[in-house]
Amino acid sequence: MSGEEQVNTDLITLTRHVLNDQFNLGAAASGDLTLLLTAIQLTSKFIATNVRKARLINLVGLAGDTNVQGEEQKKLDVLSNDIMVNALRASGKTAVLVSEELEDAVIIEDQYKGKYCVVFDPLDGSSNIDAGVNIGTIFGVYQVQEGSKGTVADVLRPGNQMVAAGYTMYGSSANLVLSTGHGVNGYTLDAALGEFILTHPNIRIPPRGKIYSFNEGNSMYFNAPVVRYLESIKYPASGKPYSARYIGSMVADVHRTLLYGGIFGYPEDKKSKKGKLRLLYEAFPMAFLTEQAGGVATTGTGRILDIVPTSIHERCPVFLGSKDDVQDLQKFYQEANGTAS
Ligand code: AHM
Ligand code: MG
């Protein structure tokens, strides 16, 4: 068939992949998580469509309001939030929803109530929207605790209790990266089929990378361990210095880190004592994916997934990526805290 395109007639779609997992679990699987993930897929397709045509249908710019973090909301932030809340509620599989854009958790009270809680940032990296740079949706899923009717307490739990986490990156194509606790898989939206196709099976982060990804514009506020670590990779005693890559869109920076390795960091500093990123719907899902891909995710002094949240919008320092790179960073914290072995 030289010169002709080979048509793959046996596509592995995201739905097929998740259904397979369900079959493997046999009677134990109710299919609820599959249906929930189908709803999440739909929201990603819907948001991807709007991101793509935003410039044409006057969706860029500000919505004229501020969100719970006191940040100006973009029109696409608000729209993406509404898309997610509506679709997740309508799935009939959710009990509690937490969104970066909503001050309070949404408790599903009526006949739509299900057994899952979804925490999400509907459109992360929104400062990049108007420039057409990659942005994304981040999500994490908990199951309500036994005996609970579904309250905020069901999401104030460590990330290691999540049953699934992922993100969708909206760029030249939409890429959905998902883990249900058995490794990480990446899917690309085939716009013609309207389906996410498995394109990145079993993503593994290389044990060491060559890239660091920090907002060095904050250097004057950085604490000593971070300053020293960055010096060590920019002025190594031997070998080549690391390359810098920082998009300022967590989904895009983490996506590159998962595929190429290296380290992504948003530290605590003298100005932001707990860093910038939100624990529940930014740090936890990305830490879950990182660990599932064989990497490490830490605050510098402890495993991110072991943190017990005390409020739904709290922040935490984040360092994640290749195992060896993140462990190098941790050594600088251990030295500073006098806990070096
Ligand atoms: P957002 O949720 O308001 O979009 O902010 C989160 C974003 C992340 O995507 C990114 O890693 C970080 O903020 C970039 O922050 P900064 O501009 O301070 O480097
Ligand atoms: Mg965000």
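## Where two domains meet

Domain 1 and domain 2 bury about 2,800 Å² between them, and 66% of that area is on carbon and sulfur atoms. Interface size is often expressed in this way, as the accessible area lost when the parts come together. Keep in mind as you explore that this is a predicted model.

Where do the two domains begin and end? The domain assignment of the protein chain places domain 1 at 14-200 and domain 2 at 211-336. To the contact between them, domain 1 brings 49 residues and domain 2 brings 31 residues. The C-alpha centres of domain 1 and domain 2 are 23 Å apart.

## What the record says

UniProt, in an unreviewed entry, puts the feature "domain: Fructose-1-6-bisphosphatase class 1 C-terminal" at residues 205-333. In the model, the span 205-333 is 36% helix and 12% strand. The C-alpha atoms at its two ends lie 23 Å apart.

## Polar links across the boundary

How many salt bridges are counted between domain 1 and domain 2? The count is one. You can look for a salt bridge between the side chains of Glu100 and Arg278, with 3.0 Å from N to O. Polar contacts add to the picture: twelve residue pairs, both members at pLDDT 80 or more, are in polar contact between domain 1 and domain 2.

Now turn to the side of domain 1 that touches domain 2. Strand 3 (94-99), strand 5 (113-124), strand 6 (135-143), strand 7 (164-170) and strand 8 (174-179) each supply at least two of its residues. Which of these strands gives the most? Strand 6 does, with seven residues. Sorted by type, the residues on this side of domain 1 are 24 nonpolar, 18 polar and seven charged.

## A salt bridge across the sequence

Looking at the whole structure, a search finds 15 salt bridges. One of them joins Asp32 and Lys115, whose closest N and O atoms are 3.7 Å apart. Asp32 belongs to helix 2 (residues 32-53) and Lys115 to strand 5, so this pair ties together parts that are 83 residues apart in sequence.

## A closer look at Ser91

Where does Ser91 sit? Find the loop between helix 3 (75-90) and strand 3, and you will find Ser91 there. A polar atom of the Ser91 side chain lies 3.1 Å from the backbone nitrogen of Lys93.

Ser91 has other neighbours too. Leaving out residues up to four places away in sequence, Ser91 touches Leu36 and Ala39.

How values were computed. Residues are numbered from 1 along each chain as its sequence is written. Chains are lettered from A and ligands numbered from 1 in the order in which they are written. This is a predicted model: local features need pLDDT of at least 70, side-chain atom pairs count only at pLDDT 80 or more; totals for chains, interfaces and linings use all residues. Side-chain values use heavy atoms; hydrogens and water are left out. UniProt positions are given in the numbering used here, feature names are shortened, and annotations may be inferred rather than shown by experiment. Helices (H or I, at least four residues) and strands (E, at least two) are DSSP runs, numbered from the N terminus. Domain bounds come from an automatic or database domain assignment. Contact means heavy atoms within 4.5 Å. Buried area is the accessible area (1.4 Å probe) that two parts lose on being put together, summed over both. A salt bridge is a side-chain nitrogen of Lys or Arg within 4 Å of a carboxyl oxygen of Asp or Glu. A polar contact is a pair of N or O atoms within 3.5 Å; within protein, one must be able to donate a hydrogen and the other to accept it, and residues adjacent in sequence count only if both atoms are side-chain atoms. Ala, Val, Leu, Ile, Met, Phe, Trp, Tyr, Cys and Pro count as nonpolar, Asp, Glu, Lys and Arg as charged, and the others, Gly among them, as polar.
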